[in-house]
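Colleague: Could you take a close look at the aromatic side chains for me? I'd like to hear how they sit and what surrounds them.

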Amino acid sequence: MQTACQAVQHQRGRRQYNKLRNLLKDARHDCILFANEFQQHCYLPREGGEPMEKWQTRSIYNAAVWYYHHCQDRMPVVMVTEDEEAIQQYGSETEGVFVISFKNYLDNFWPDLKAAHELCDSILQSRREKESENQESHGKEYPEHLPAEVLEAGVKSGCYVQGILNVNKHRAQIEAFVRLQGASCKDSGRVVGILQKNWRDYVVTFPSKEEVQSQGKNAQKVLVTPWDYRIPKIRISTQQAGALQDFRVVVRIDSWESTSVYPNGHFVRVLGRIGDLEGEIATILVENSISVVPFSEAQMCEMPVNSPEKPWKVSPEEEKRRKDLRKTHLVFSIDPKGCEDVDDALSVRTLHNGNLELGVHIADVTHFVAPNSYIDVEARTRATTYYLADRRYDMLPPVLSADLCSLLGGVDRYAVSVMWELNKTSYEIKQVWYGRTIIRSAYKLFYEAAQELLDGNFSILDEIPEFKDLDEKSRQARLEELVWAIGKLTNIARHIRAQRDGCGALELEGVEVRVELDERKNIHDLIPRQPLEVHETVAECMILANHWVAKKIWESFPHQALLRQHPPPHQEFFAELRECAKAKGFDIDTRSNKTLADSLDKADDPNDPIVNKLLRSMATQAMSNALYFSTGSCAEEDFHHYGLALDKYTHFTSPIRRYSDMIVHRLLMAAISKDRKEEIKENLLSNKDLEELCRHINNRNRAAQHSQKQSTELFQCMYFKDKDPDTEARCIADGVIYSIRTNGVLVFIPRFGIKGAAYLKNKDGLVISCGLDSRSEWKPGSLQRCQNKITSTPTGGDPVTFHLFDHVTVRISVQALRCHSDTIRLEIISNKPYKMSSTELCRQSSLLLKSELVKEVTRSVEEAQLAQEIKGKVIEEEYQEYCQSKGGSLYTLLEKIRDLALLDVSNNYGI
Amino acid sequence: MAGLELLSDQGYRVDGRRAGELRKIQARMGVFAQADGSAYIEQGNTKALAVVYGPHEIRGSRSRALPDRALVNCQYSSATFSTGERKRRPHGDRKSCEMGLQLRQTFEAAILTQLHPRSQIDIYVQVLQADGGTYAACVNAATLAVMDAGIPMRDFVCACSAGFVDSTALADLSHVEEAAGGPQLALALLPASGQIALLEMDARLHEDHLEQVLETAARAARDVHTVLDRVVRQHVREAAILLGD
C-alpha cells in the first residue's frame, strides 16, 4: 500500500524505507505495492485539521474495503495495525475486512508458525523494555552522537571527515582503524557520529548456568556473547535463556542507547547445538550472511523437465537459430574427476584453407534462465556457488547445474561458443566468431587421463567410458583424432601463455589465485593438483575466451559492460616479502608484474621446495583482490588485470557457478544482435545498476571465500579435537617459520596446510628454551626480536634462535571455546625439523590427507549422531557438563590474545 | 530527507502519472471579444492566457517593417500571483524578455509570415498560474489564439517539456519535478511534418540520452496536438452553429 510506504518513509527515514523497497522488489516475497493514492476509488482527500496518521489509517482502510469489494466480496482482507483506536473504530465496520493487531493476526491465521511467534514476542518485549527504559533516566555511558542532519552538513562543509571503521579481528577490543574517504590525513580524531550502521544477523551463545546466576537479579535480560570477536556482548530480554544454553542462536541488534554499555537486541532463531557439525556450519553461513534455503516451488516451476519419461530435446526453432556443431566439430571437455557441472568444452580442427580453428564452448545458461525470473533473482542473490569443505550450495538448481546446462558427453546441449581462426604455424589470431551453438561433447575426460594421452600413454584408455564399447579399429582411429586435438590444443596454449608471460603474467601459489585462474573451486581443490600441463592448457583457453569476450562486450557497450580488474598492488605491501626473501638470499624485484614473476621463478631453494611456495603465497597476500566492475564507472587505464597481464578481462566461462558470467553472457548476446542490427530484446542493466550488482557479487565472493576458509578451519579443529596431542603421533608435525613477531613466530605446516602462530612466550611470561636434546621447556627469561630472527634467552640456559624458514617441530592441539569457533594451537616442541621415516611420503600426500580429514570428520560426526540417538540423554548431560567445565569467558580469551599480541597475516590481507 | 523520489519503483511519478503521460489539458478559444484571437489553456495547474492582434499595420516606428513578411511581436508576462511566492514582475525583466524571444522564434517558424508583408502580428501571453512547463503552455495557448485570429499557419505548434530522471525520460514536467534540478528540455513541434520549431535546453545531459528525451518530448507534443485539434474542431463547430443561426 502506497500510503503505508510513504508513512515509513516519513517516520522512519530513508534507510528503513530502502529496506522496505528492497523487500518489495524481491520477487520471491510475492509482494505487490498498490498505489492507492493514485487510484480513483481509493483516493481520499485529507480533511482540514485531520492529523496525518489518522488520514493514513483512513486511506488504508478505505483501500482495503475497496479491494474487498473489487474481489467481489469473496476474499476476506486483513489490515494489520498496532493502533488501538483504529482497531476500535474500523474493526467491525465492514464484514470481511478485519482490522486487527499483528499479535492477533499471528494467533488467528498462523497458529502453527512457532518461529514467527517467538520472534514477535521477543520484538514486543524488547520494545516494551525500551519504553520503560526511556522513562527512567540513567546516567549516560557514552556522549551522544550528533544528529544526522548536523553530520551530513558537517561532512559536506568539510568540518567532519567521513570514513569506514574496520575492527581488527585479532585484537578486537583495543585495535581498529578508520579508512578515510579523501586523501587528507589526520593524526587523531574522535567519532562524532555514525552515518550508516552495518548491522546484520549475529550468531551468539547464551551464557551457561553459572554465569546466569552470577548475573543475578536481572534474570529477564541476558548478556549474550557473539561468535564474532569484534561484536560486543548483546543484551537480550527473553525467558528462554535456560533452554537456549547449548545452542548457537541468531539475534538481531535493535538499538544501542547512549545510557548502556551494551546494545539491545532480540532473539530470532536457533541454529543448532554448540560443537555440532551442522550447527557450526550454519553458524559460518549466517556470519557470512549466506542464505541457502532450498529452491522454492515457484522457482522450480520455471525449470525445464528432463526425466526418463519426458526427456529434454533440442527444439526445432532453436536448431534453426543456432549454429550446429554436432557433426562438424570434435568437442570434448576436460574436468576434474567426478565433476558434475561441466560448463566448458573445447574443440580444435583444421579448416579447408589450412588454418586452425580453436573453439571454446560454454554452457548456455541464460537460455534457460530468463532475466528477472524467479530463478534469476535467486541466482543473483546467491551470486555464486558456495563451496564449503564438505559440501556445496549451488547457485542454480541441480536440473540445470548438473544436467541440462552441463556439457556432458554424448548428449546434445546448447552452448555459447567463441571460435578463433588461427594461422597454422604462427598461431596468430585471424578471425573470431561469437554465437550460440548446439554441441555434442564426444568425450568427458578428466585431467589425469588427458595428460596420459598427451604423453602418449594409452593404458589409461580403459578408464575413459567412451572408448569401452568400440571395436579395435574404429577405436584406434578415434583415439588418434583425439590425441591430435589435445596435442594441438597444448601447443596453442603454450604459445598464448608465452605471449602472456612476455607481458608479465604471474603464477602464484595459493588456492585463491588458482581458483581465479581456472575456476575449479571444487572440493577436489584440496587435493594438491599435480601440476599437469593439461590444467594449464584448459586454463589458458578459458583465459583467452574471457579476454576476447571482455573485448567484445566492451566495444559494444562501452558504458555498461561487466569486466574484472586486478589493480596493481601497493609496493609497501611487498616489504615483508622482500625481507623474507633476503633472509634466504634471494632478491625479489617487485617493480612490475614481469620482474616479480621472474624473480619469483628464480627464488627457489633446491633443498627446500616449501620456501618458494611460501614466497609465492606471500606475494599473493600482498596483492589486492580482483574485482568486478562496470566499465561506465571506471577509467579505461584501470581495466588492467595485473595478475594475468591482460588489458581487459572478464568472467565468461562458468555461468553455472557464477552470476557474473550470466550477466556477461547476456551482454555478449546483446552485442551479437547489435552487430546484426537487430533490436536488442533484453533490457540491459544501466551503468548504475550494474555497478550496484558488481558490488553485490564482489561482496558475495568475499563471503564465499571466508566461509570456505572458516569451514576448512572448522574441519581441521574437529579433526584434532578428539586426538590427544600428547599421545597421538599425527598431532606432531613439521612446520616452517614464515614470519617473526615480537613474542612468537608464524608457522606453516605443509602437511595439513595449516598456518598459525606459535608463541615463544606464554601467558605467565615464561620463554621457550631448548635443551641439548632440543626438547623445549618453558623457563623465565627474555625475548629479543631482530629483522629475520628471534632469540629466546632463558635465565640460566642457552639462548635459542629461530630464523625465518627454519624447520621446527610443532604440536597441534585445539583450543576449545564455547562462544566462538575453536582454534588450532601450535606449540613448538623442538627447534629441529621433525624427523619421521615417512616424512617424505607424508609430504607427497600432504593435502590428500586434508580431504581424508574432511571425510573422517564427517564420518565421525555421523557416528556420533548414531551414538547419540542410542544413548540419548546420558550423553547430552555429559556434554553439558563438559561444556560448562570449559566455560571460559570471552574476557579471559581476549586477555590471552592481547597478551600474545600475535597476528596471523594470512587473515588480514583484506584490510 | 535528501531528494524526493521522482519516479517510484513501480514507475509512478509524484503526482501519480507514468513517465510518458501528460497532465490534463483543458482549453478554450475565443475568450475575449475585443481581440482578434484569444485562447485560454490549463495544463494541470499551469494556466495561461494568449491574445493575438493582427495582422495590422506596423505600430511605432515604420522602419521596423519588413518588406517581405510580417513582423511577429511576442510579449510574455506572468501574474504576480502565478507562483508560490507572490512577487511583482515588471515588464521587460530578463525572464520575460527571453520567453518573448523564444515565442517569437517559434511562431515565426510556424506562421506563414510572407503572406502579410509590411504588417505586424502581436501575440501577448500571460501566465496565470505557473506549475511547470510554462513555455509549453504559452506556445499551446498562443497557437490556439493565432488560429482563433484566423492567421494562416503551416501547422499547429505543439510544445511540451521533458526531463530525465533515473535514466528514464519524463514528459510534461510539473513544478516539483522541475525544481528537483534535473535536466529539462522544451520542444515545440510541427506535428504533421515532424519539424522542430524550437528546441531549448540549458542543462547538461549526456548525448547518449538526448535521443531518448527528445523522443519522449516529441511523442508528448503529438499527444498535445490531438487534444488541441479536438479543441479547435469543437470551437469551429460551435462557431458554425452560432453563425448558422
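Modeller: Here is a walk through the aromatic rings, with a short stop at the chain interface afterwards. Keep in mind that this is a predicted model.

Over all chains, the count comes to four aromatic pairs. One of them is A:Trp554 with A:Phe639, an edge-to-face pair with 6.2 Å from centre to centre and 85 degrees between the planes. The two partners come from distant parts of chain A, 85 residues apart: A:Trp554 belongs to helix α18 (residues 533-556), while A:Phe639 lies in the loop between β19 (627-630) and α22 (659-675). A:Trp554 counts as buried because its relative accessible area, 19%, falls under the 20% cut-off. A:Phe639 is buried too, at 3% relative accessibility. A:Phe629 joins in as well, since ring pairs link A:Trp554, A:Phe629 and A:Phe639 into a cluster.

Rings also turn up beneath charges. In chain A, the charged end of A:Arg564 sits over the ring of A:Tyr628, 4.6 Å from its centre. In chain B, B:Arg18 places its charged end over the ring of B:Tyr12, 4.3 Å from the ring centre.

Now for the interface. Ten residues of chain A are in contact with twelve of chain B, and the area buried between the two chains is about 950 Å², with carbon and sulfur atoms giving 53% of it. On the chain A side, helix α2 (residues 14-25) supplies the largest share, four residues. Across this interface the rule finds zero salt bridges, and also zero residue pairs in polar contact with both residues at pLDDT 80 or more.

Technical notes: Residues are numbered from 1 along each chain as its sequence is written. Chains are lettered from A and ligands numbered from 1 in the order in which they are written. This is a predicted model: local features need pLDDT of at least 70, side-chain atom pairs count only at pLDDT 80 or more; totals for chains, interfaces and linings use all residues. Side-chain values use heavy atoms; hydrogens and water are left out. Rings of Phe, Tyr and Trp (its six-membered ring) pair if their centres lie within 6.5 Å; planes under 30 degrees apart count as stacked, over 60 as edge-to-face and the rest as tilted. Helices (H or I, at least four residues) and strands (E, at least two) are DSSP runs, numbered from the N terminus. Buried means under 20% relative accessible area, exposed over 50%, partly exposed in between (1.4 Å probe, protein chains only). A charge sits over a ring if NZ of Lys or CZ of Arg is within 6 Å of the ring centre and within 35 degrees of the ring normal. Contact means heavy atoms within 4.5 Å. Buried area is the accessible area (1.4 Å probe) that two parts lose on being put together, summed over both. A salt bridge is a side-chain nitrogen of Lys or Arg within 4 Å of a carboxyl oxygen of Asp or Glu. A polar contact is a pair of N or O atoms within 3.5 Å; within protein, one must be able to donate a hydrogen and the other to accept it, and residues adjacent in sequence count only if both atoms are side-chain atoms.
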